Each structure stands twice: as C-alpha cells, then as structure tokens.
Amino acid sequence: MFNEIDWATIWQATGETAYMVGISTFFTALFGVPLGILLVVTDTGQIWEKHWVQKAVATVVNIFRAVPFIILVLFLFPLAKFLVGTSLGPTAATIPLIAGAAPFYARIVETALREVDKGVVEAARSMGSTRFQVVVNVLLPEATSALISGLTVTCVTLISFSAMAGVVGGGGLGDAAFRFGFQSFNDGMLVTCGVLLVMMVQLVQWIGDWFSRQLDKR
Amino acid sequence: MIELKGISKTFPSQKGNQPVKALQNVDLHVAQGEIFGIIGRSGAGKSTLLRLVNGLETPTNGTVRVDGQEISQLAEKELRYARQKIGMIFQHFNLLQSRTVWKNVAFPLEMAKKPKETIRRKVDALLEQVGLSDRAQAYPSQLSGGQKQRVGIARALANDPKVLLCDEATSALDPETTSSILDLLREINRETGITLLLITHEMSVVQAICHRVAVMEGGQIVERGEVKSVFGNPKHSVTKQFVQQTEWMQSSDFPVQSTEKTRFHCSPDEMQDVWAKIGPAVQSGRVKVSVSERELKADGGMTFLIDGKREDVEQLLDSLHEEADLEVNVHV
C-alpha cells in the first residue's frame with residue numbers, strides 16, 4: 001500500500017502546511033496578545049477601566065469564536081483575495097486561520113494575565129509605573145510561561161484547522177490527504193499525510209513545553 | 001511629612017450590598033523622621049488609610065498631603081513622580097516572580113528611566129544594605145520569607161523615598177524573622193531619617209519600633225499618642241484588648257502541661273465574646289490562655305492556647321460553647 005506514495009507531493013504539502021501554520025501562528029500572537037491585554041486591563045477594577053472598550057472587544061472575540069471554522073473559511077477566502085491578492089493556496093488560507101485562532105488565543109492571553117498576582121501590579125503602581133509599563137514590565141513577563149503554553153495549544157489547533165482550510169483550496173497536508181489519498185483511493189497517501197500531521201503536533205507540543213518550562217520561575 | 005485632614009472614604013455598593021464606609025473623618029499627622037504605627041483589627045480601615053498616602057486610593061472627602069504636596073489633587077504624571085518618593089512594602093512581598101532579586105530591586109529605577117550605570121551602583125548598594133548581595137541572581141521562589149521582605153525593602157528604597165509605607169510587612173513572617181526585619185527598618189530610619197508609616201495587627205510590632213501609635217476601629221482613630229502612654233494607660237476597649245493579648249503572651253512562666261493543652265480558633269466576629277469569657281477565667285488564675293503570634297491568622301481571627309487543669313479548661317470551653325453561643329473550633 002505504501003509503494004504508490006508520491007513523496008514529492010508529500011514534501012511539498014508538508015512545506016505548505018508548515019508555512020500556513022507558521023505564518024498564522026505568528027499573526028495570531030500578534031493580534032491575540034493585544035486583544036487579550038485589552039480584555040483584561042479595561043475590565044472593572046483593572047488599570048485602565050473602560051467598559052465600552054471591554055464590551056466591544058469581547059463581542060468581536062465572541063462572534064469570531066462562535067462561527068464554526070469551516071464557515072469562517074468560506075466567508076473569508078474572498079477577503080483573502082482582497083488582502084493578499086489570491087483566494088487560493090496556502091497564503092490565502094492564512095487569513096481565515098488567523099481570524100479563527102486570534103480570538104481563541106486572545107481568551108487564553110486574558111486568562112493568563114488575570115492569573116498574575118494583583119499585589120504585584122499594585123506594587124508596580126505604588127512605585128510610579130505607568131499603565132503601559134505595568135503591561136510591558138509586569139503583566140507580560142509574569143505571564144510569559146502561560147502565554148507560551150497557550151500559544152502551543154493554539155498552534156496545535158492551527159495545524160488541525162490548516163488541514164480543513166487545505167481541503168477548500170488552501171493546499172497542504174489536508175489537501176493532499178483528501179485529493180491524492182481519499183479521492184484517489186490511495187490509502188498510503190492518506191495515512192502518510194495523517195502521520196505527518198501527528199508528528200508536527202508532537203514537535204510543536206514538545207518545543208512549546210520546553211520553552212514554557214524554561215521561562216517558569218515560580 | 002504626612003498630613004491627613006478630615007478624611008472619609010466610602011466604597012460604592014457592589015452587587016446590592018450597602019456602601020462601605022471604610023474611613024470616617026480621620027485626621028493624622030506624621031512628623032518627618034518618625035516611625036508611626038497604626039494598629040487595628042482587620043476591617044478597621046487601616047489598609048485603606050495607608051493606600052490614601054500614595055494615591056492607590058482616593059479619599060471621598062478630605063485632603064492628603066505628603067511632603068507638602070496634595071496627593072489627591074495631582075495629575076497622573078505628577079502622582080507618578082510623587083510615588084517614586086513614597087516607598088511601600090507589603091505583607092506578601094509582591095515581588096516579580098520572573099525577575100531575579102537584582103532585577104526586582106532595579107525595577108523601580110528602570111521605571112523611573114534612570115541611566116544603567118546609576119541603576120547598577122544603586123542596586124548593588126541596596127543589596128549590600130539589606131544583606132542579600134550573595135543572593136542577587138536568585139529568583140524570589142528560591143528565597144525565605146524574611147529574604148523576600150528584604151528584597152521588598154531594598155526595592156522600596158531604590159528611588160530614595162522620603163516616606164516608607166509598611167502594609168502588614170511582618171505579618172507573614174515568624175517571630176525571629178519579624179524582629180530581624182524590624183531591626184532593619186529601625187536602622188534604615190535612623191540612618192536615612194526616612195519617615196515610616198506602618199499598619200499592623202500585632203502590638204509587639206508597634207512596641208518594638210514605633211514612636212507614636214494610632215489605634216483604629218470601625219474606620220476611625222479611637223486613640224493615639226506616644227506608644228508608652230497609649231498602651232500603658234489604654235482607654236478604648238480595642239486598645240485594652242491589644243494590651244491584654246500581649247500580656248498573656250509575655251507571661252509564659254506558667255508551668256506547661258502539654259497533655260492538657262487545648263487550642264481553638266475564633267474568627268474576628270467572635271472575638272469580642274471570646275475575650276469577655278476568657279478575661280475572667282485568666283484573672284482567676286486557674287487557666288492560662290496564650291495567643292501564639294504564629295497563630296494570628298490573616299482573617300484577623302486568632303488561635304488561642306488554653307493551658308491548665310483538665311476540668312478548668314473544660315469549664316472555660318463549655319462557657320465559650322454555651323453561654324456565649326460560640327462555635328469555637330477546638331483542636332488539641
């Protein structure tokens with residue numbers, strides 16, 4: 001069953017998946033962290049209490065989290081054409097991937113930042129820190145370990161999302177498994193793509209755990 | 001140095017509760033170079049009072065002046081500069097877990113945007129002063145409670161403040177460590193002339209280092225003056241309780257009968273009734289009741305240790321159970 005595996009296609013698909021997941025993980029962190037910070041600092045009793053901001057951000061985040069990913073993909077491929085000039089291939093797939101994962105990660109960031117000891121924030125305020133300094137020098141460094149392990153979870157989710165996005169035109173291992181495996185009755189291709197995805201997840205988890213442990217000083 | 005006039009603080013109601021009047025018409029004057037103690041049970045308003053001094057809380061009414069500046073009137077930027085000159089240490093130390101001892105002490109200097117070289121010299125000197133030079137690269141999780149508080153003190157002193165606020169700074173420490181921290185604070189006060197305002201629920205802390213004291217209860221200062229005159233001649237019932245508490249702790253010459261010892265814990269609400277029952281029993285000389293400082297709980301409650309003949313101890317416990325209708329949690 002494994003003699004009909006087209007390794008060239010497999011490696012290309014693996015590269016596409018790594019590319020999609022890498023780019024979208026980066027942008028997920030880039031958007032998710034500020035959103036998570038906003039969700040925390042604008043809440044009642046926090047350092048920048050602004051209820052309307054809190055409500056607005058929370059609503060947007062919830063809407064994106066409520067829409068099933070596959071629907072998000074169908075909605076956002078046209079947007080991808082507008083943003084990155086194409087609605088096909090791995091680059092286009094990053095748009096719905098980021099839109100799906102950033103709100104998810106924002107909630108993880110929110111939880112991680114809320115875990116930071118309020119006493120430490122109070123201490124920083126008592127020393128004359130600005131709000132911005134509190135966020136950059138207290139909240140984020142104190143929560144780094146949790147932020148990394150949260151990003152690991154998000155990245156793993158992105159790998160599985162990328163397989164879905166692949167089927168509707170994104171390319172990558174999901175697409176290869178579907179077209180060259182499932183539709184071509186080639187079980188070898190199907191299984192190989194699956195195994196590679198599992199290995200990717202393991203690798204990401206392993207790297208994430210290692211960094212998270214290194215940064216945990218508690 | 002610190003002047004509070006006609007201070008009231010009311011916290012707005014939350015979730016249907018009544019608004020809380022944390023402070024009512026409080027006046028306080030702390031002179032430069034003085035060590036001033038505020039003692040009170042938990043919920044007496046002392047923590048809120050302390051936080052008014054550096055603007056972490058704003059008064060509903062009244063004015064707060066520190067070194068001539070009216071704290072409650074300052075714009076945000078000015079308040080930040082003012083805070084750099086008001087150090088604060090905390091019961092739970094509040095160190096940054098992700099920073100080493102050295103970086104923790106450097107923190108307030110970094111926030112004040114001091115040059116790197118200044119920071120390096122200052123931090124080294126401060127660590128030397130608090131006796132932690134050899135632990136500079138350790139993380140807070142690797143330190144003992146006393147060491148953590150020393151880091152807290154070094155950090156609070158980094159911007160050469162004129163005032164140091166101590167928020168139950170020794171309440172999480174054992175008696176020996178407490179006295180070493182108090183020694184350090186006294187030494188810093190003597191050497192730098194810094195003004196210390198501390199709040200505590202332990203009378204021994206006030207007796208050890210304070211020049212003057214104010215006793216708080218129900219959001220008001222009920223008694224104040226020189227430490228010796230306030231505790232030597234207590235007038236208010238709360239002050240009397242604090243005095244009794246230490247007297248019992250000091251008279252430890254009573255023969256220990258460890259097999260008959262009974263402990264019980266009571267919450268702050270029950271305290272008044274418990275004192276009323278214990279007082280006469282102790283005065284009769286038949287039982288000895290002590291309060292270990294270790295057993296003073298953060299909830300403001302206390303664990304008592306009753307010592308004496310079995311029947312006398314049981315009689316006291318019975319009276320606590322039945323007559324005062326207390327649910328004391330007895331454990332031997």
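**Figure 1. A close-up of B:Gln241 in helix H9 of chain B.** B:Gln241 sits in helix H9, which covers residues 237-250 of chain B. As in every view here, the model shown is predicted. Is this glutamine buried or exposed? B:Gln241 counts as buried because its relative accessibility is 9%, and the cut-off for buried is under 20%. Leave aside the neighbours within four places in sequence, and the contacts of B:Gln241 are B:Arg41, B:Gln272 and B:Trp275. For a sense of distance, look also for B:Pro19: 222 residues along the chain separate B:Pro19 from B:Gln241, and their C-alpha atoms are 28 Å apart.

**Figure 2. The two assigned domains of chain B.** In the domain assignment of chain B, domain 1 takes in residues 2-236 and domain 2 takes in residues 254-322. How far apart do the C-alpha centres of these domains lie? The separation between the C-alpha centres of domain 1 and domain 2 of chain B is 33 Å.

**Figure 3. Chain A and its eight helices.** Follow chain A along its sequence and you will meet the pattern α-α-α-α-α-α-α-α; the chain has eight helices and zero strands. The C-alpha trace of chain A spans about 70 × 35 × 25 Å along its principal axes. Of its 218 residues, 50% count as buried. Among the contacts in chain A with a separation of 6 or more, 73% are between residues 24 or more positions apart.

**Figure 4. Helix H8 of chain A and the helices it packs against.** Helix H8 of chain A runs over residues 187-215. Why does a span of 42 Å agree with expectation? With 29 residues at 1.5 Å a residue, H8 of chain A should span 42 Å, and its end C-alpha atoms are indeed 42 Å apart, so the two values agree. The buried residues of this helix include A:Gly188, A:Met189, A:Thr192 and A:Cys193. Further along, A:Leu196, A:Leu197, A:Met200 and A:Val204 are also among them, as are A:Gly208 and A:Ser212. Which helices do the buried residues of H8 of chain A pack against? Their partners are helix H1 (7-41), H6 and helix H7 (173-182) of chain A.

**Figure 5. The largest pocket, with residues from chains A and B nearest its centre.** The volume of the largest pocket is about 1,000 Å³. Its lining has 33 residues, and those nearest the centre are A:Gly45, A:Gln46, A:Ile47, A:Arg125 and B:Leu56. At least two lining residues come from each of helix H4 (89-114), helix H5 (118-126) and helix H6 (131-170) of chain A, and likewise from helix H2 (76-84) of chain B. Which helix gives the most? That is H5 of chain A, with five residues. By class, the pocket lining holds 12 nonpolar, nine polar and 12 charged residues.

**Figure 6. The largest cavity and its lining.** There are four cavities of 30 Å³ or more in the structure, and the largest cavity holds about 70 Å³ of space. Chain A lines it with A:Ser126 and A:Met127. From chain B, the lining residues include B:Arg83, B:Gln84, B:Ile86, B:Gly87, B:Met88 and B:Pro108, along with B:Arg155, B:Ala156 and B:Asn159. H2, strand S6 (86-90) and helix H5 (145-156) of chain B are the elements that supply two or more of the lining residues. The most come from S6 of chain B, with three residues. Sorted by class, the cavity lining has five nonpolar, four polar and two charged residues.

Methods
Residues numbered from 1 in each chain as written. Chains lettered and ligands numbered in written order. Predicted model: local features only at pLDDT ≥ 70, side-chain atom pairs only at ≥ 80, totals over all residues. Heavy atoms only, no water. Domains from an automatic or database assignment. 1 Å grid on protein atoms, 1.4 Å probe; cavity = no way out; pocket = protein on both sides within 12 Å on 5 of 7 lines; lining within 4 Å. Points joined across faces, edges and corners; volume = space filled by probe spheres on them. Helix = DSSP H or I, 4+ residues; strand = E, 2+ residues; numbered from the N terminus. Nonpolar A, V, L, I, M, F, W, Y, C, P; charged D, E, K, R; others polar. Expected span 1.5 Å × (residues − 1). Buried < 20%, exposed > 50% of the residue type's maximum accessible area, 1.4 Å probe, protein only. Contact = heavy atoms within 4.5 Å.
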